[in-house]
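Here are my notes, as numbered points. Please read them with the model open.

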Amino acid sequence: MGHIDLPVITTGGQDHSKQPLSLEECPPDYFPEGGFRAWATAFGGFLVQFCTYGYTISFGVYQDFYGQTYLTNQSPSTIAWIGSVNAFLFEICGLISGQLYDRGYVRQLVIGASLLQVISLFMLSLAKPDQYYQASTYYSSYGSVFLSQGIGSGCAGGLLYIPSMAVVSQYFRKRRELVMTFVASGACLGAVVHPIMLNNTLNGRLGFANGVRASAALISGLLFIACLLIKPRFPPSKASTTFLASAKKCAHDPPYIYGTAGLTIFAVGFYYPLFYLQLDSATHGLSKTFSFYSLVIMNTSSFVGQLTSGLLVECFGVPRVLTVSTFAGTVLLFSLIGLRTLASVVVIGILYGYSAGIFQALWAPILAVLSPDPSDLGARMGISYAFMALGGLIGPPISGALLTNDYIWWRGAVFNGIMAAIGCSCFIAMQIVLRRRDNVSQQS
């Protein structure tokens with residue numbers, strides 16, 4: 001482990017010799033702010049984000065592939081339910097993982113949910129064409145697309161997200177938001193790598209089954225490394241705040257309410273380009289190769305946005321950066337009405353990707369800002385993500401229904417732009433309330 005300065009205690013006896021405390025024996029209000037174990041845990045969280053949420057927001061590849069090749073008997077809205085249920089479970093499972101995290105069961109969550117993610121993806125590879133819900137044979141009874149990708153992978157990602165993000169708060173205080181944005185950036189790097197790999201395997205020589213297995217093998221190896229790296233500072237404890245007590249505190253916390261409302265409502269529009277940009281490009285007559293990489297362009301920009309978000313937060317603070325990013329995202333969602341040419345896809349993809357990357361990176365940091373008591377951070381994150389799950393659940397299917405089989409694209413752009421504008425307004429209200437509360441505390 002790298003060198004860090006630990007507090008010391010004085011032992012009994014006449015020589016009064018000083019012996020350093022081990023990291024586990026340090027008091028809860030001590031933060032090492034670095035060292036091998038701290039950075040190894042952060043990198044493990046980065047890998048978890050790469051393998052879970054990075055895979056979820058790569059669903060645009062599957063939306064295009066299913067709609068045009070593999071599930072041609074289903075409408076765009078029906079196919080979108082696979083990705084939206086995945087996103088819903090990804091966030092709603094935070095109610096469980098947040099409570100377990102607060103009680104110290106980080107390792108158990110990481111190992112168990114990693115196994116579930118790997119099994120779900122390998123089961124997905126057994127699904128046959130037009131096999132949406134049911135499987136065709138006994139041996140592939142779990143090989144339906146919806147069960148494996150929508151439910152299994154969604155639950156796995158949801159159980160992994162909060163522990164992999166919140167555990168870094170046990171090691172960092174001064175640089176907590178910066179390190180959290182680094183961990184979150186793993187999702188956008190995954191959303192760059194996974195679409196490239198999937199587009200070239202699903203539509204290439206390997207085909208669907210072997211392409212998904214190759215992707216599952218990559219994720220298996222990375223999650224195995226993450227399980228070795230992630231290690232909490234504190235052992236399991238029964239002394240954490242109960243869920244009911246945390247919920248009551250949240251209900252009387254106006255900044256938290258506005259922040260959660262903003263995350264929930266903005267999430268309705270947030271997934272629209274992630275699910276439909278590649279299909280939008282293909283149906284507007286752009287080349288197949290460019291359509292494949294339109295999602296990669298956007299997600300690469302998101303990765304840059306996540307990396308730079310830490311620097312922006314250092315200068316301007318989490319609430320202000322989050323509000324500006326959602327305002328930019330709102331404008332760009334409305335701009336999707338004019339998505340017709342290669343240049344417009346590139347420009348909107350880069351700009352939206354950058355703003356969306358910042359928004360995504362600040363989910364956990366804004367909740368850390370809105371949670372003055374670290375003992376209920378996991379529960380507060382779980383509650384907020386449960387509400388966000390509703391936005392992720394209804395957004396893409398509504399967009400697909402508005403789109404129809406005739407691909408009327410302007411409807412989705414207007415609907416998602418309006419929802420994003422409402423979410424941005426909630427963040428503005430959150431900032432106003434936070435500023436008033438800070439002024440009152442300073443005066444007192």
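**Notes on the fold and selected contacts**

1. Start with the contact pattern. Among contacts in the protein chain between residues at least 6 apart in sequence, 81% join residues at least 24 apart. Keep in mind that this is a predicted model.

2. Overall make-up. The protein chain has 17 helices and two strands. It runs to 444 residues, and buried residues make up 57% of them. The exposed area of the protein chain is about 17600 Å². Carbon and sulfur atoms supply 67% of that area.

3. The salt bridge. The count comes to one. Arginine 380 and aspartate 253 form a salt bridge through their side chains, with N to O at 3.3 Å. Arginine 380 belongs to helix α16 (residues 377–403), while aspartate 253 sits in the loop between α10 (243–251) and α11 (254–283), so the pair ties together parts 127 residues apart in sequence.

4. Burial of that pair. Which side of the cut-off do the two partners fall on, buried or exposed? Arginine 380 has a relative accessible area of 3%, and aspartate 253 has 7%. Both values are under 20%, so both residues count as buried.

5. A second role for the arginine in the contact list. Arginine 380 also lies over the face of tyrosine 256. The distance to the ring centre is 5.0 Å. Inspect this ring together with the salt bridge between arginine 380 and aspartate 253.

6. Aromatic pairs. The structure holds 25 of them. One is formed by tyrosine 53 and phenylalanine 90: the pair is tilted, at 4.8 Å centre to centre and 40° between the planes. Tyrosine 53 is in helix α2 (residues 53–56) and phenylalanine 90 in helix α4 (residues 76–92), so this pair ties together parts 37 residues apart in sequence. Tyrosine 53 and phenylalanine 90 are both buried.

7. The aromatic cluster. Tyr53 and Phe90 belong to one aromatic cluster. Its other members are Tyr161, Phe266, Phe270, Tyr271, Phe359, Trp363 and Tyr385.

8. Glutamine 63. This residue is in helix α3 (residues 59–70). What is its relative accessible area? The value is 2%, so glutamine 63 is buried. A polar atom of its side chain lies 3.2 Å from the backbone oxygen of proline 76. Leaving aside neighbours within four places in sequence, glutamine 63 is in contact with Pro76, Ile79, Ala80, Phe275 and Tyr276.

9. Leucine 333. Look for this residue in helix α13 (residues 318–335). Its relative accessibility is 0%, so leucine 333 counts as buried. Residues up to four places away in sequence aside, leucine 333 touches Gly269, Tyr272, Pro273, Tyr352, Ala413, Asn416, Gly417 and Ala420. For one of these, alanine 413, the C-alpha to C-alpha distance from leucine 333 is 5.8 Å, across 80 residues in sequence.

10. Isoleucine 428. Helix α17 (residues 409–443) holds this residue. Isoleucine 428 has a relative accessible area of 41% and is partly exposed. How far apart in space are isoleucine 428 and threonine 323? The answer is 6.5 Å, C-alpha to C-alpha, with their places 105 residues apart in sequence as the separation.

Note on methods
Residues are numbered from 1 along each chain as its sequence is written. This is a predicted model: local features need pLDDT of at least 70, side-chain atom pairs count only at pLDDT 80 or more; totals for chains, interfaces and linings use all residues. Side-chain values use heavy atoms; hydrogens and water are left out. A salt bridge is a side-chain nitrogen of Lys or Arg within 4 Å of a carboxyl oxygen of Asp or Glu. Helices (H or I, at least four residues) and strands (E, at least two) are DSSP runs, numbered from the N terminus. Buried means under 20% relative accessible area, exposed over 50%, partly exposed in between (1.4 Å probe, protein chains only). Contact means heavy atoms within 4.5 Å. Accessible areas come from the Shrake-Rupley method with a 1.4 Å probe; for residues, only the protein chains shown count as cover. Rings of Phe, Tyr and Trp (its six-membered ring) pair if their centres lie within 6.5 Å; planes under 30 degrees apart count as stacked, over 60 as edge-to-face and the rest as tilted. A charge sits over a ring if NZ of Lys or CZ of Arg is within 6 Å of the ring centre and within 35 degrees of the ring normal. A polar contact is a pair of N or O atoms within 3.5 Å; within protein, one must be able to donate a hydrogen and the other to accept it, and residues adjacent in sequence count only if both atoms are side-chain atoms.
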